[in-house]
Structure formats: structure tokens, C-alpha cells
Amino acid sequence: MTEQTIVNIGPSHPSTHGVCRVVVTLDGEIVTHAEPIIGHLHRGIEKMAENRTYLQVVPLTDRLDYVGSMYANWAYCRAVERLAGIRVPERAEYIRVIVCELQRIASHMMGIGSTGADTGAFTAFMYAFAQRDHVVELFEALCGARLTYNYVRPGGVSMDLPEGWVEQCRAFTAQHPSAMLELDRLLFGNVIARARLKGVGVLSADDAVAWGASGPTARGSGVDWDLRRDDPYSVYPRFDFQVPLGENGDSYDRARIRLWECVESCKIIDQALDQLEPGLVKAEGLPRLLAPRPGDAYDHIESARGSLGVYLVSDGTPRPYRMKVRSPAFCNLALLPLLAEGHTLSDLVVILGSLDPVFGEVDR
Amino acid sequence: MTLLWGFLWGVAAVATIAGGAILGVWWERKVSARIQMRYGPQQIGPFGSLQMIADVPKLLFKEDIVPALADKAIFKYAPLFVFGPVAVSMVVIPFTAGWAPLDTSVGVLFFLAVPSIEVIAILLSSWASHNTLSTLGGLRATAQMISYEVPRSLAVLAIVLLAGSLRPLDVVAAWRWWWMPLTFVAFVIYFIASIAEMNRGPFDIPEAESELVAGYFADYSGMRWASFMMAEYGAMIAASLFGAALFFGGGWPFGGALGVVVLVVKAVLIMTAIMWVKWTFPRLRQDQLMSFCWKVLTPLALVQLVVIGVVLAWL
């Protein structure tokens with residue numbers, strides 16, 4: 001045992017995926033302890049929500065998981081709808097599914113791309129980002145924003161699909177699976193990437209459940225849990241799709257099942273576009289100022305990072321009495337000390353990347 | 001008089017490397033852009049070729065930051081000793097049949113030995129920065145550069161054995177085309193070990209951007225930072241030129257000025273391959289890098305030497 005060194009990774013560092021600080025105790029190159037220090041991006045969104053009307057909270061939820069804003073929009077709106085007893089038109093539900101599956105692709109492209117960047121394969125990052133850019137352009141055509149959409153609103157979505165959008169979307173899903181196969185060969189088929197990712201940061205299925213991990217992080221360890229299938233919401237029961245599972249629970253499996261999830265998302269989008277029928281995109285007769293009866297509601301959806309839940313309490317006024325977000329990124333990040341111990345500093349970066357945290361959602 | 005000539009050669013070598021580095025950076029930007037489905041620089045000059053001319057003044061005018069806790073004298077002058085040895089090693093390259101800037105009987109050894117001084121300078125600069133990430137980078141660089149000198153030297157030894165001389169001009173004169181298939185493994189080892197020597201991807205572990213930010217030169221800025229970059233590009237240019245001279249017959253099949261052109265073309269091809277590897281492969285981990293060196297490359301280089309010994313005995 002040599003003298004231990006303490007190294008600060010972050011808060012501003014190329015591979016902390018935002019503003020996270022990890023205090024790493026090193027024995028030579030081996031990590032003996034890694035402590036993530038969060039809160040650098042804390043804006044008090046849950047508290048801010050208490051001083052805004054129900055509709056004004058939607059743009060705040062955009063800033064939670066800024067790589068997957070649609071999910072936070074949707075999870076919050078589902079909680080509001082449950083609280084106020086709003087029925088959402090069918091077309092709006094389909095549009096929500098389509099944009100959220102597109103969002104899953106965009107978010108996973110960021111995750112896989114940064115796995116590439118963390119291991120030094122910057123070209124894989126660019127390939128993933130080219131795909132992400134297609135999705136972002138679709139969103140831009142849809143609602144004018146590329147990052148914070150404010151699109152899903154209580155009772156439906158803010159506006160209908162623009163003309164020609166369905167065709168653009170179909171063109172995207174037609175080319176996406178083959179692009180994923182190419183990315184798979186480029187990154188996950190590479191001998192060095194395999195050596196860097198396989199067997200690194202192994203998470204057992206029991207640990208994944210015990211630590212409350214969800215999403216690709218848990219499914220990488222073989223935990224067969226996906227809210228879209230196991231606690232079906234919206235129109236998901238009408239679609240035929242698989243839930244990809246990993247076997248070893250290492251960084252390789254966690255990163256790679258994201259790729260197959262994107263292919264499954266394409267299937268869901270295609271089916272949803274086939275079943276899409278004209279109709280309303282927002283519930284009729286909604287009051288300008290929502291003031292649900294006193295009570296509470298919780299609803300959760302499967303976001304790109306896992307089970308994203310929103311808990312709302314109403315005291316009968318037009319402002320939420322309390323909002324609490326169950327953030328999957330926060331729960332997954334808690335695994336970092338467990339996974340990184342005994343690995344090298346280079347592996348720590350890969351493990352952090354494979355958990356794919358977004359610090360807007362961790363710190364809230 | 002000798003001193004004056006030496007001085008002029010020094011200026012010429014530095015100018016060649018600086019010019020080569022400028023062209024090399026431009027070429028790398030174009031190559032990497034094409035690999036990544038981008039265009040790269042295209043606004044300044046034809047095909048963006050003057051982009052670097054615009055970038056160099058930017059570097060010159062940047063603030064020269066010296067960290068408060070750094071060991072100032074060492075921090076300031078270590079970059080010189082990173083760049084210097086690379087420039088010096090260029091003088092023994094046989095640019096064309098019968099002509100090298102410095103014709104010495106131990107030229108091959110000189111080329112392998114002189115850039116090794118760089119290791120000390122890198123270690124000093126990393127230590128003087130007073131930064132944990134820099135120190136880690138410096139330690140990684142030291143282990144890596146010293147280890148990879150072994151397979152690299154053994155690979156070059158294969159050619160020396162065939163030529164029967166350490167004088168680069170003799171090697172080029174003795175070179176025959178059938179050496180290429182015979183020393184192919186040696187060339188691959190030389191290629192890989194040279195990439196590791198110059199700390200480029202997939203062996204850029206000492207400066208691993210995603211782990212150590214920039215490793216041993218994380219705290220450098222402006223022209224001091226640029227001298228690290230020039231050393232990297234200089235090493236790449238020198239290794240490509242020397243590899244083209246030794247393993248591909250230098251200016252063969254031409255002599256004179258045309259030979260220089262042929263050598264440069266061959267070197268650019270090798271350099272492009274180095275860039276191609278960097279922009280395609282992920283980065284290795286430190287322990288994987290070391291076991292690859294000692295368990296794969298070094299034994300393979302020894303086997304290559306034995307094969308060449310058998311061929312020579314049979315001839």
C-alpha cells in the first residue's frame with residue numbers, strides 16, 4: 001500500500017456529464033473510495049413549483065432532466081391529470097408516446113456517445129450525435145425548441161403535429177436501426193472498447209434492486225423491470241415491443257442495451273404512427289387556472305434513465321402545495337461508490353458514464 | 001564555422017517541425033473531420049489550409065499562466081526540453097539516397113536514443129505543475145514511454161540486422177523491396193510502439209482527456225502549451241519519416257530531389273494511418289497498455305528477429 005492520494009474529479013471536468021464532483025481516494029491508480037458530491041446544480045425546482053400555478057410548473061420540469069425534457073413534462077402532467085381528474089384525448093396520448101420514444105432515442109444517443117467519449121472514442125460520440133440531431137430537429141419542427149420543449153401540458157400537448165411531420169418521423173425511424181447496427185460495430189464491436197467496458201463496474205441484480213436502480217442501469221444487470229410493460233400507462237399496452245436485458249451487469253451491458261432500446265423505440269414509434277388518428281390534442285373545457293381539489297397524487301413513467309415519478313399535493317389553491325420528484329438518475333448515481341471501488345481511475349470515468357446521470361435531475 | 005553550421009541546421013530543423021506541425025494539424029483536422037462525417041476547417045484559405053496560420057498568432061497572444069504553487073523555473077523551461085530532443089532527432093533522417101543532414105555511423109541508435117530525454121522533461125513538467133492530475137499523467141507517461149522503447153528498438157533492430165549497419169544512409173542503400181514482406185511484423189510493431197511513444201490515441205493515456213483533462217500539460221497555456229503540441233506533431237513527423245526511410249526504402253525507387261518527394265509521400269501515408277487509428281479506436285487502460293507491450297509486442301519483436309536471423313543464415 002502506497003500513500004493514498006486524493007484527487008478531485010470535477011465539478012468542472014470533461015467526463016462528469018454536467019457538474020458533479022467526485023472525491024476519489026487513490027492507491028496508485030486504484031480507487032479505494034469514490035464519493036460523489038452533488039448539489040452544484042441545485043436550483044430548488046421542487047420548492048419553486050410551490051409558488052407557481054400548475055401550468056407554470058411545466059417549463060420548470062423541462063430543466064430537470066435537460067437531456068430528456070419530454071419525460072419530466074409527461075410525468076408531471078400525469079400527476080396533475082390524476083390530481084384534477086382530467087381525461088386526455090387519445091390522439092394526445094399517441095403523440096406523447098411518439099415524442100417520448102423519440103426522446104428516449106435522443107437521450108440514449110447522448111449516453112452511448114459519452115460512453116464513447118469517456119473511453120476516448122470520440123468518433124463514436126459524433127456518430128451518436130448525428131442521430132440525436134435528427135431527433136432534435138424533429139422536436140424543433142414540433143415545438144420550436146431543441147432542448148427545453150414545454151410541449152406536454154396538463155390535458156394533452158401544446159399543439160398538433162405540423163404538416164409533413166409524420167413523414168419526417170417515418171424517414172428517421174426507417175434509417176435509425178441500421179445506424180444503430182453501424183454504431184454497434186464501431187463502438188461495441190471494437191476490441192479495445194470490449195476490453196475497457198467488459199467486467200468493469202459489475203452490478204449484481206440483487207444490488208440493483210436493493211439500491212433502487214432502474215432503467216437501463218437495472219436492466220443491464222438482468223432485472224426485468226420496465227414500467228411501460230409492467231405498470232402499463234397511456235396507450236403502451238397496444239404496442240408490441242421487447243425489453244432488452246443485459247446478462248453481466250457490467251458497463252458494457254449497461255451501455256449496449258441502450259442501443260437495443262433505441263431500436264425497440266423505433267418499433268413503438270412506427271406502430272404509434274400507424275394507429276394515429278385525427279382528433280383533439282388537448283382536453284376540452286379545461287379551466288384557465290387549474291385548482292384541483294385537496295388531495296395528493298403520484299404517477300411514474302419509464303424515462304430514459306428509469307422510473308421517473310412525480311408526487312403532487314394540492315390544498316385546493318391554484319398552486320401545488322408540494323411537489324417531489326423521484327429521480328432515477330439520483331438513485332442510479334448512488335451506486336457509483338459501490339461500483340468504482342477496486343477499479344482504476346480510468347474505469348471510474350467509464351462507470352460514471354455507463355450510469356448516464358443527468359445532473360439537472362440529480363440535483364433538481 | 002562548425003558552430004555556425006550547427007546553428008543553421010538547428011534553425012532549419014525547428015522551422016521544418018513548426019511548418020510540418022502546422023500542416024500536420026491542418027491535415028489531422030481534415031482527416032478526423034472526414035472520419036466523423038464533418039468538413040473540418042474550410043473558411044480560411046483553400047480547403048481551410050490557412051486556418052493554422054490564424055491559430056498560431058492566437059496562441060502567441062494568449063496569457064502565459066504559471067500556477068501560483070508551481071515550481072516556476074522548471075515549469076517554464078520544461079516544455080523546451082520536451083520539444084528540443086524531437087527536433088534534434090530529425091537530423092539523422094536519410095531524406096534521399098546518399099544525403100542526410102547529419103551523416104553518422106550510429107544514426108539509427110541516435111534516432112532511438114535522443115527523444116528518450118523527452119521523458120525526463122515530461123516528468124519534470126508534470127511534477128512542477130503541482131497538480132494531482134498532472135502528476136498522474138507524468139507518471140503514466142514515464143512508464144509508458146520507457147516500456148515502449150523496448151519493442152520499438154527491437155523492431156528497428158530487425159532492419160539493422162538485414163542491412164548490417166547502424167548508418168541510416170547505408171540502410172537505405174542496402175534496402176531491397178523483398179524486405180517489406182519480411183519485416184512487415186516489425187513495421188507494425190514499430191508503428192504501434194511509435195504511437196505509444198508520442199502519446200497519441202489509442203495510447204494517449206498520459207493526457208487522457210476524459211480522465212486527466214490533459215494530463216502532464218493540463219496547467220500549460222499559450223506558447224508553452226503549443227510546444228507540447230509541436231513536440232507531439234514533431235514526434236509523429238519524425239517517426240513517419242524514419243519509418244518510411246527504414247521500412248519502405250526512403251526515396252526508393254528514386255534518388256535526388258525526387259527521392260525526398262517520394263519519402264514525404266510515404267511518410268504522409270504513415271501519418272494518415274496514425275491519425276486514422278487515433279480517430280477510430282477507444283483508449284486503452286494503463287494496465288492493458290503495459291501488458292500489451294510486455295506480453296504481446298516484445299515477444300513478437302523477438303520472434304521477428306529470430307525469423308530474420310534464420311533468413312540471413314539461409315542466404
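Guide: A helix here is a DSSP run of H or I with at least four residues, and a strand is an E run of at least two, both numbered from the N terminus. The model is predicted. By this naming, helix 5 (117-128) and helix 11 of chain B each supply at least two residues of the lining of the second largest cavity.

Visitor: What is the volume of the second largest cavity, and which residues line it?

Guide: The volume of the second largest cavity is about 70 Å³. Its lining consists of Val82(B), Glu118(B), Ile122(B), Met198(B), Asn199(B), Glu207(B), Tyr216(B), Phe217(B), Phe228(B), Ala231(B) and Glu232(B). Helix 11 of chain B gives the most, with 3 residues.

Visitor: How many residues of each class are in that lining, and why does Tyr count as it does?

Guide: The second largest cavity has 7 nonpolar, 1 polar and 3 charged residues in its lining. The classes go by residue type, and Tyr is listed with the nonpolar ones, so Tyr216(B) of this lining counts as nonpolar. Glu is listed as charged, so Glu118(B), Glu207(B) and Glu232(B) count as charged.

Visitor: How many cavities of 30 Å³ or more does the structure hold, and what is the volume of the largest?

Guide: There are 5 cavities of 30 Å³ or more, and the largest has a volume of about 130 Å³. It is lined by 13 residues, of which Pro115(B), Glu118(B), Arg152(B), Glu197(B) and Ala235(B) are the closest to its centre. Helix 3 (72-89), helix 6 (132-163), helix 9 (184-197) and helix 11 of chain B give two or more residues each. Helix 11 of chain B gives the most here, with 3 residues. By class the lining divides into 8 nonpolar, 2 polar and 3 charged residues.

Visitor: What makes a space a pocket or a cavity?

Guide: In a cavity a 1.4 Å probe fits but cannot get out, whereas a pocket is an open set of points. The second largest pocket has a volume of about 490 Å³. Of its 21 lining residues, Thr16(B), Gly20(B), Ile237(B), Leu241(B) and Val264(B) are the closest to the centre. Helix 1 (2-35), helix 11 (222-247) and helix 12 (256-278) of chain B each contribute at least two residues, and helix 1 of chain B gives the most, with 9. The lining has 17 nonpolar, 4 polar and no charged residues.

Visitor: How do you know the relative direction of helix 1 of chain B and helix 11 of chain B?

Guide: Their axes are 9 Å apart, at an angle of about 90°. Angles of 65 to 115 degrees count as roughly perpendicular, and this pair is therefore roughly perpendicular. On helix 1 of chain B, Ile17(B), Ala18(B), Gly20(B), Ala21(B), Gly24(B), Val25(B) and Glu28(B) meet Met230(B), Tyr233(B), Gly234(B) and Ile237(B) of helix 11 of chain B. The contact has 7 nonpolar, 3 polar and 1 charged residues.

Visitor: Why is the term for helix 1 of chain B and helix 3 of chain B what it is?

Guide: Their angle is about 105°, with the axes 9 Å apart. That value falls in the 65 to 115 degree range, so helix 1 of chain B and helix 3 of chain B are also roughly perpendicular to each other. Ala13(B), Val14(B) and Ile17(B) of helix 1 of chain B make the contact with Phe83(B), Val86(B) and Ala87(B) of helix 3 of chain B. The contact residues divide into 6 nonpolar, no polar and no charged.

Visitor: Why are helix 4 of chain A and helix 6 of chain A called roughly parallel?

Guide: The axes of helix 4 (residues 90-118) and helix 6 (residues 165-188) of chain A cross at roughly 25° and come within 12 Å. Angles under 35 degrees count as roughly parallel, and the two helices are therefore given that term. The crossing is left-handed. Among the contact residues are Ile98(A) and Gly116(A) of helix 4 of chain A, and Trp165(A) and His176(A) of helix 6 of chain A. By class the contact has 12 nonpolar, 2 polar and no charged residues. Gly counts as polar, so Gly116(A) falls in the polar class.

Visitor: What is the phi of Asn150(A), and what is that of Asp356(A)?

Guide: Most residues other than glycine have a negative phi. Asn150(A) has a positive phi, near 55°, and lies in the loop between helix 5 (122-143) and strand 4 (152-153) of chain A. For Asp356(A), also not a glycine, phi is positive at about 50°. Asp356(A) is in the loop between helix 14 (345-355) and helix 15 (359-363) of chain A.

Key:
Residues are numbered from 1 along each chain as its sequence is written. Chains are lettered from A and ligands numbered from 1 in the order in which they are written. This is a predicted model: local features need pLDDT of at least 70, side-chain atom pairs count only at pLDDT 80 or more; totals for chains, interfaces and linings use all residues. Side-chain values use heavy atoms; hydrogens and water are left out. Axes are lines fitted to C-alpha atoms, for helices over the stretch in contact, and angles run from 0 to 180 degrees between N-to-C directions. Angles under 35 degrees count as roughly parallel, over 145 as roughly antiparallel, 65 to 115 as roughly perpendicular and the rest as oblique. A crossing is left-handed if the near helix is turned anticlockwise from the far one by less than a right angle, and right-handed if clockwise. Contact means heavy atoms within 4.5 Å. On a 1 Å grid over the protein atoms alone, a cavity is a set of points where a 1.4 Å probe fits but cannot get out, and a pocket is an open set with protein on both sides within 12 Å along at least five of seven lines; lining residues have an atom within 4 Å of a point. Grid points are joined across faces, edges and corners, and a volume is the space filled by probe spheres set on the points.
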